[in-house]
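Here is a protein to explore together, one question at a time. Keep the picture open beside you as you read.

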Amino acid sequence: MEITQDKHSANQALIKIKLNEADYQPKVDAKLKDFAKKSNIKGFRPGKAPLSMVKGMYGTSVLVEEINSILSESLNTYLKEQTFKILGDPLPQDQEAIDWKTQKDFEFDYKIGFVENVDLTLDPKIKATKYSIKVDDKLVNETLDNLKSQYGNSTNPEISEEGDHIYGDLKATEGSFEKTVSLDLTKITKKLAGKFVGLGKEAVVEFEAKDVKKGQWEEAFGLSEEESADLDGTFTLTVKNINRKEIAEMNQEFFDKIFGPDQVSTEEEFITKVRETLQANYDKESKVFTEEELKKVLTDAAKVDLPETFLKEWLMIANEGKVTAEDIEKEFPIYAKQLTWSLISNEIATKHEVKAEHEEVIEKTKQMVREQFAASGLGAQMEDSMDMFVDNYLKGEEGQNYMNMLTSIQNEKVLAFALDKISVKEKDITIDEFKELLDK
């Protein structure tokens, strides 16, 4: 057997495997003899059929099976011995027609994609920013207003006011469009909303489609994009009901609705807990954002050269016709970023012996389960069954959940390790500044 490599570029190559009769025939003969011993062919006692007959019946299929087995084993062994990192799977290339009955020597070609190395030195020359979102009074006050509005009692007044929801029948004066809607007056322009203030049931409001700004048909009237796509001309809305949310009072009933019974007992304690909860939530968001930005910094520093042409071809074949070339072209930048980071993360983990431990997987899964149950108000009751929930989750998806959690923990540890080695500037930002960063 002869295996050679023909590099087409810095990250693509063609692997050639040549087989001669001595490479496969002994295994083929041994398998045919075993077939003959176990065969049950009509006209012969079991195991007594002539070898020549067995070879005529099964020889070609056994030959193909054994050659494929040799190719797979030889190719895998060869690739494991290489210093570069294989990406995707080797792609077999079209062969000339093979005469399995008479041909003795065979040659097979496989296209591969790889990266030679992932070279990244973690030192202060690499600079990153660690963001911390600070909750200010403005955000706390906005949150308090939203909570008081959200948890206030609903009423159905006789006359509409600013901020109400108008339930009624929406119709186009020309054409067949007609639908019952609930119009949120806070999500249309003040000028248009003014037409719906001071009205009672059965009042009819006429307005022009041009007065409804982009996105307001969906956000304010609750229409789908398809329904709103071609709306034009004059419309009427006949008021059937008026819904109003009263502002909740800052009392014990309100406190208990938000944080549970007897968690806070004064307005001052409530505001403090709101601030702490907001800060905890934004600490998580700023951590995630910092990690994503750090991934970009490390990816740029590593300068990994992916075999894009090969990967796009492999993705097309691996997805077995489920995606088009246009789909792959569109999604490839995201895939490339994820693959590049995976290579970098694994390189750092291997080089610096950063590992996720089984105990960490269990603890992180418990934390995830607790958060899910806490959101539904069942946290305390589920603690006794925690081990069962964790075990069931980690065994899910044929064990893939466990591997995903393991990878997640390793990534977190790799990023923490990297932050400790590079130059990091800490920066406090407001929620508005954070939103601006997200929009970039």
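Q: In what order do the four strands of the open sheet stand?
A: This is a predicted model, so let us begin with its strands and how they line up. The four strands of this open sheet pair in the antiparallel sense. Reading across the sheet, the order is β1-β2-β4-β3.

Q: Which strands stand at the edges of that sheet?
A: An edge strand has a single partner strand, so one side of it is left without a neighbour in the sheet. That is the situation of residues 2–7 and of residues 85–92. The edge strands are therefore β1 and β3.

Q: By how many degrees are neighbouring strands of this sheet turned against each other on average?
A: Here the direction of the strands is ignored. Averaged over neighbouring strands of the sheet, the turn is 25 degrees.

Q: Which residue in β4 is the bridge partner of Lys85?
A: β3 and β4 (residues 106–115) run antiparallel and are joined by five bridges. Lys85 has its bridge partner in β4, and that partner is Val115.

Q: Which helix lies across β1, β2, β3 and β4?
A: The helix in question covers residues 51–80. Relative to β2 (12–19), it runs at about 135 degrees. Its name is α2.

Q: Which element of the protein has the lowest mean pLDDT?
A: For the protein, the mean pLDDT is 91, and 98% of the residues reach 70 or more. Among the elements, strand β9 (residues 204–208) has the highest mean, 97. Where pLDDT is low, the predicted coordinates should not be read in detail. The element with the lowest mean, 60, is helix α12 (residues 379–382).

Q: How many Å apart are the end C-alpha atoms of helix α3?
A: Helix α3 (residues 137–150) has 14 residues, and at 1.5 Å a residue it should span 20 Å. The model agrees with this expectation, because the end C-alpha atoms are separated by 20 Å.

Q: Within what arc do the buried residues of α3 fall, seen down the axis?
A: The buried residues of α3 are Leu139, Val140, Thr143, Leu144 and Leu147. Elements that cover them include α7 (252–259), α8 (267–302) and α15 (431–439). Seen down the axis of α3, these buried residues line one face of the helix, because they fall within an arc of 135 degrees.

Q: Which residue in the turn between β7 and β8 has a positive phi?
A: Strand β7 (residues 165–172) and strand β8 (residues 178–184) pair in the antiparallel sense over seven bridges. Ile166, for example, stands opposite Leu183 in β8. The two strands form a hairpin with five residues between them. In the turn, the residue with a positive phi of about 100 degrees is Gly175.

Q: Which residue in β10 is the bridge partner of Gly168?
A: β7 is also joined to strand β10 (residues 234–245). These two run antiparallel, with eight bridges between them. The bridge partner of Gly168 in β10 is Val239.

Q: Is Thr236 buried or exposed?
A: Thr236 is found in strand β10. Among the residues it touches are Asp169, Leu170, Val204 and Glu206. Its relative accessible area is 15%, and the cut-off for burial is under 20%. Thr236 is therefore buried.

Q: Is Lys303 buried or exposed?
A: Lys303 sits in the loop between α8 and α9 (308–318). Lys303 has a positive phi of about 50 degrees although it is not a glycine. Its relative accessible area is 68%, and the cut-off is over 50%, so Lys303 counts as exposed.

Q: What is the relative accessibility of Glu353?
A: Glu353 lies in the loop between α10 (325–351) and α11 (358–375). Its phi is positive too, near 55 degrees, in a residue other than glycine. Glu353 counts as exposed, because its relative accessibility is 69%.

Q: Within what arc do the buried residues of α9 fall, seen down the axis?
A: The buried residues of α9 are Phe310, Leu311, Trp314 and Leu315. What covers them includes β2, β3, β4 and α10. They line one face of the helix, because down the axis of α9 they fall within an arc of 130 degrees.

Key
Residues are numbered from 1 along each chain as its sequence is written. This is a predicted model: local features need pLDDT of at least 70, side-chain atom pairs count only at pLDDT 80 or more; totals for chains, interfaces and linings use all residues. Side-chain values use heavy atoms; hydrogens and water are left out. Axes are lines fitted to C-alpha atoms, for helices over the stretch in contact, and angles run from 0 to 180 degrees between N-to-C directions. Contact means heavy atoms within 4.5 Å. pLDDT is the predictor's confidence in each residue, from 0 to 100. The expected span of a helix is 1.5 Å times one less than its number of residues. Buried means under 20% relative accessible area, exposed over 50%, partly exposed in between (1.4 Å probe, protein chains only). The arc is that of the directions from the helix axis to the C-beta atoms. Lists of a residue's contacts leave out its neighbours within four places in sequence.
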